[in-house]
Amino acid sequence: MTCAGCASRVERGLREVPGVREANVNLATNRATVLFDPALTGTGSLIEAVRNAGYDVAVASAGLQVEGISCASCVLKIETALLDLPGVVRASVNLATGKVAVDYLPNAVDVARIRKAIESVGYRVHDLAEGEAEADAERRIMEREYRVLRAKVLWGGLLAVLIFVGSMPGWFPWVPAFLRNFFVLWALATPVQFAIGGQFYRSAWAAFRHRTADMNTLIAVGTSAAYFYSAAVTLFPSLLGSTGVARDVYFDTAAVIVVLILFGRMLEARAKGRTSEAIVALMGLRPATARVLRDGAEREIPVDDVIVGDAVVVRPGERVAVDGTVVDGRSSVDESMITGESLPVDKGPGDEVVGATINKWGRLVFRARKVGKDTALAQIIKLVQEAQGTKAPIQRLADRIAAYFVPVVISAAILTFVAWFDFGPAPRLTFALLNFVAVMIIACPCALGLATPTAVMVGMGKGAERGILIKSGESLETAHAIDTVVFDKTGTLTEGRPDVTDVLPAPGFTVDEVLAFAAGAEKGSEHPLGQAIVRRAEAAGLAPETPAGFRALEGLGVEATVKGRKVLVGSQALVGHAGLDFGSLVLQAGDLALEGKTSAFVAVDGRAAGLLALADTLKGTAPSAVARLKKMGLEVIMLTGDDRRTAQAIARGAGIDRVVAQVLPGGKAEVVRGLRAEGRKVAMVGDGINDAPALVEADLGIAIGTGTDVAMESSDITLISGDPEGVSAAVELSRRTVRTIRQNLFWAFFYNVVGIPVAAGVLYPFLHVLLNPMIASAAMAFSSVSVVSNSLRLRRARI
Amino acid sequence: MAAKIIVTAVGLLLVVAVNAYFLGPRRRKAPRQ
């Protein structure tokens, strides 16, 4: 703001926001003071108004590590709590990593208040220990969460088994009598209910304060009803004597469900612990030390101490330490880990090199241009972290159902109470109270804890059979909703390595001769182009002879004697050097280059023999994979850094209509973000390190198993075989799994819902039947059996 | 009789309250990414 006019423009903009009563802008201090009705507007819309007026607002950001985020509703709870704080502009919780990213107005709120807000809804905020890498802190917390859950499941399981056999003397007649004692059962159930299952109460209370009910609420309410009712029966057995209701306790119901749900959470926690490994893998690519020229001598120093302008030396086989520009030396550099491009790139003075890439054969000296957090690798790490931080988790089906089920059950229980009190037999209050509790007990769906994990486990096993590795249950649940599949071209749709596409013989030579000579010379070559030529010759039935006098002309080509004749295979520069005339083939090489093909010139005994064109070719299964995805109603998009013409040629071959070409290495995540902003559910398929941010940004990241470790760590699903048909199989598997989960949830609730009228006493007037322990345990057993067998059915699915 | 009327009224009120509390319109929702 530079003038009074600006100030009044901001004021006007602010006053136009509905709910703003007063807005004053102080030009000298650059501060706007706004009086507004929080019910009508929030800080976010005020900032938007300032921005619309053409000015910006200073916003600070903070990242916090939070423990105990276990479900989508926790995310919503924390976000709501934070956004309720005046001054918080944006709050985003990452379910997978437990990280909370907050944008706030530094003069309205501070980090301490933000911390308190998170703690007030029942979560713990962690300090990052001094000097500890964020990824390590994350991993430490994840591991602790897993260990705690495992201990809870073990102890809870032990107690639950004792309670279960003690409660079912009919099934387990060998159980010692003391275990059947109600007081003993009560003593065993109490630690399960409050110590081991205490987290359900804390989460349920936090949800309640935010006017929601989730699975935790359901578990807390249901198990409490069973527990307290049973405790009352144990203490006052005569209470029920007058009603004729069977005296029984439900400690087993409460304990079993607590342990089952915790078991499901434990499995999830283990899967979640792997998310941050993408970052660890990326960091592992960074060399620890660099060789720099200082005072005329080579000195090895920690990579963090390299400063911009340092002359850095890279020996053959070493990793480039930081980003820079070559000043001396010549070599090829393997950049495949960053770009996914399999061909090494020739580097000489003036060319750029990127940190983490591998120098193949020559000594290079380069001037450091970007160090520390500015390097391309650091940027990729940052993009991955950011994408992880903003990814909205899916809301689990079970939570969505619980949000409605809980108020409905409580209503049913209250109405039951009223009905028995108004119309029931004496003693009215006792009957009313009993049946109120009975409704709550029967409504507690024991198989709920099994519904998702069993289906997910069977689904994952099914996927593994087909070479589809699924990282977590959440990934499997997300994949069914995908409507757009984005393929990175190189290594995903294409082989990711060059193949001979054209053989153009010079006059006097045949196709087979050219191929045989070239392959003979290249036999034993380690260069990807040489290997491609040998492969092609072998495929054509020409067994290449072992050459004599093989000599690799680094970066240019090879020279060898084949069948007693001197053969030269290499670039245009090589044959130009040798003074060979290839005539019209040079022009054809130019045309091939436009199609994205690389040319290898072949000369025999100092005469032009022909030209081989090499390019990264489409995988054999790519067209059918794309066709299958289209048939499933998904839109398929191809993403590549290539120019439009090359890209479109490949896309046509694969049957893809939409191509995004010339994408810069850092731009892939942006393309995915754009598609998601259109409201699409995007799956990204890629294999390179530069795909990692896009893989994390996408709703579903699918990595090709033949690619880099980083891509696999960043993804939700890995296709081991590298076959693009795995994508449609994964989506199909997910659709089936989600269908199974839905059916499971139906079965988990069905018997209980049927039991509710019985518990409410609908049958009492006719049969004098009230909630009977038989009915409660039958509901529990039937729903568990239905759920498990329904999940197992998934094994027979054809995908 | 009076007790029945009170229990009925309180019960119905509770049912309405529970449903309004859990399922009623939200004041403000966290923005989703």
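How many bridges join β17(A) to strand β26 (residues 682-686) of chain A? Let's walk there in the viewer.

This is a predicted model, in which local features need pLDDT of at least 70 and side-chain atom pairs count only at pLDDT 80 or more, while totals for chains, interfaces and linings use all residues. Residues are numbered from 1 along each chain as its sequence is written, chains are lettered from A in the order in which they are written, and side-chain values use heavy atoms, without hydrogens and water.

**Stop one: β17(A).** Select residues 484-488 of chain A, a strand (a DSSP run of E, at least two residues, numbered from the N terminus). Here 5 of the 5 residues are buried (under 20% relative accessible area, 1.4 Å probe, protein chains only), so the strand is largely enclosed by the rest of the structure. Colour Thr484(A), Val486(A) and Asp488(A) for one side, then Val485(A) and Phe487(A) for the other.

**Stop two: its partners.** Add β26(A): 4 bridges join it to β17(A), and the two run parallel; pairing takes at least two DSSP bridges. Thr484(A) stands opposite Val682(A). Next show β24(A), residues 635-639, which pairs with β17(A) in the parallel sense over 5 bridges. There, Asp488(A) has Leu639(A) as its bridge partner.

**Stop three: the interface.** Now select the contact (heavy atoms within 4.5 Å) between the chains: 23 residues come from chain B and 30 residues from chain A. Together they bury about 2,500 Å² (accessible area lost by both parts on being put together, 1.4 Å probe), 61% of it on carbon and sulfur atoms.

Technical notes: Buried area = accessible area lost by both parts, 1.4 Å probe. Buried < 20%, exposed > 50% of the residue type's maximum accessible area, 1.4 Å probe, protein only.
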